Amino acid sequence: MAGVAVLGVAGPALAHVEVSADKKQAGATDVTLTFTGEAESTKAGIVSERVVLPEGIAPADVSLVKAPSGWKYTANPDGFTVGGKALPVGKDAEWKVKVAKLPDGETRLSFKTLESYSDGTVDRWIEIQEPGEAEPENPAPLLTLQPASKTAATSQTPAAPASASSAPAPVASASSGAEVPTGVTASSVDADKGGSAPMWWIWPVLVVAVVVAAGAVVVYRRRGDAGGDVGQ
């Protein structure tokens, strides 16, 4: 009897808070978590469950799906609380929440939980269960996940920057068929060829110049003849 008593004191508590998920893979989205708080008191009913979220899940990414009748959901800085009127003595508390996304690189998520009763008693399920070690006396609810799929990890890898080979190809001149560097127009290439611009406007100018010169010669000669007559 003494041995049984010692084991009863040193062993883990008989009641727990458990958690499960409808999607058991790291990085999964729109995941519904189901919590079950086992009633261990024989004199009082459960009135609330306060959950501390693990790192990688923000309170803003969690919403209530289901809770005991009359219970309300309240977001906290580090998690959330569901609670209300006391459940019947011996009745377990069950609630569900939806998480927008589970952390990518974590396969063990612990949800520390404080379970309160109508007589003021609080069960503290907050001890982290370490891999390969015995379960602690008051273990925090533990969710074990599969690693994220390689496809999901690959899809989150940033795309490599574009290489120089993807630069726009040179533009060809329509008139000559030669390659023209990007940003240079065909008209600028034609202007660089030199002498290809039309020169028809030069001829009227030359004609006018000849006429003006001829008129000047005639006037000069007439003035010279008039001067000779006066001298005679």
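**Notebook: His16, the salt bridges and a sheet**

I began with His16, which I found in the loop between helix 1 (2-10) and strand 1 (17-21). I noted at the outset that I am working with a predicted model, and I read every value below with that in mind.

Entry on His16. Is His16 buried or exposed? I looked up its relative accessible area, which is 12%, and I entered His16 as buried because buried means under 20%. I then listed what His16 touches, leaving aside its neighbours within four places in sequence, and I wrote down Thr36, Gly37, Glu38, Trp125, Glu135 and Pro139. For Glu135 I could add a further detail, since a polar contact of 3.2 Å joins its side chain to that of His16.

Entry on the salt bridges. How many salt bridges does the structure hold? I found 2, and I took them one after the other.

I looked up Asp78 and Arg50, whose side chains meet in a salt bridge with a distance of 2.9 Å from N to O. This pair links distant parts of the chain, for Asp78 is in the loop between strand 5 (72-76) and strand 6 (79-83), while Arg50 is in strand 3 (residues 46-52), 28 residues apart. I checked the accessibility of each partner and found Asp78 partly exposed at a relative accessible area of 34%, with Arg50 also partly exposed, at 27%.

I then turned to Lys101, which forms a salt bridge with Asp104, and I noted that the closest N and O atoms are 2.6 Å apart. Lys101 has a relative accessible area of 31% and is partly exposed, and Asp104, at 33% relative accessibility, counts as partly exposed as well.

Entry on the sheet. In which order do the strands of the open sheet lie? I wrote down 5-6-3-9-10, an open sheet of 5 strands with antiparallel pairing. The edge strands are strand 5 and strand 10 (122-125), each of which pairs on one side only. I also looked up how neighbouring strands of this sheet are turned against each other, and the average is 15°, with direction ignored.

I followed one pairing in detail, that of strand 5 with strand 6, which is antiparallel and runs over 5 bridges. Within it I picked out Lys72, whose bridge partner in strand 6 is Gly83. Going back to the salt bridges, I noticed that Asp78 is in the loop between these two strands, strand 5 (72-76) and strand 6 (79-83), and that its partner Arg50 is in strand 3, which is itself part of the open sheet.

Technical notes
Residues are numbered from 1 along each chain as its sequence is written. This is a predicted model: local features need pLDDT of at least 70, side-chain atom pairs count only at pLDDT 80 or more; totals for chains, interfaces and linings use all residues. Side-chain values use heavy atoms; hydrogens and water are left out. A salt bridge is a side-chain nitrogen of Lys or Arg within 4 Å of a carboxyl oxygen of Asp or Glu. Helices (H or I, at least four residues) and strands (E, at least two) are DSSP runs, numbered from the N terminus. Buried means under 20% relative accessible area, exposed over 50%, partly exposed in between (1.4 Å probe, protein chains only). A polar contact is a pair of N or O atoms within 3.5 Å; within protein, one must be able to donate a hydrogen and the other to accept it, and residues adjacent in sequence count only if both atoms are side-chain atoms. Contact means heavy atoms within 4.5 Å. Two strands pair if DSSP finds at least two bridges between them. Axes are lines fitted to C-alpha atoms, for helices over the stretch in contact, and angles run from 0 to 180 degrees between N-to-C directions.
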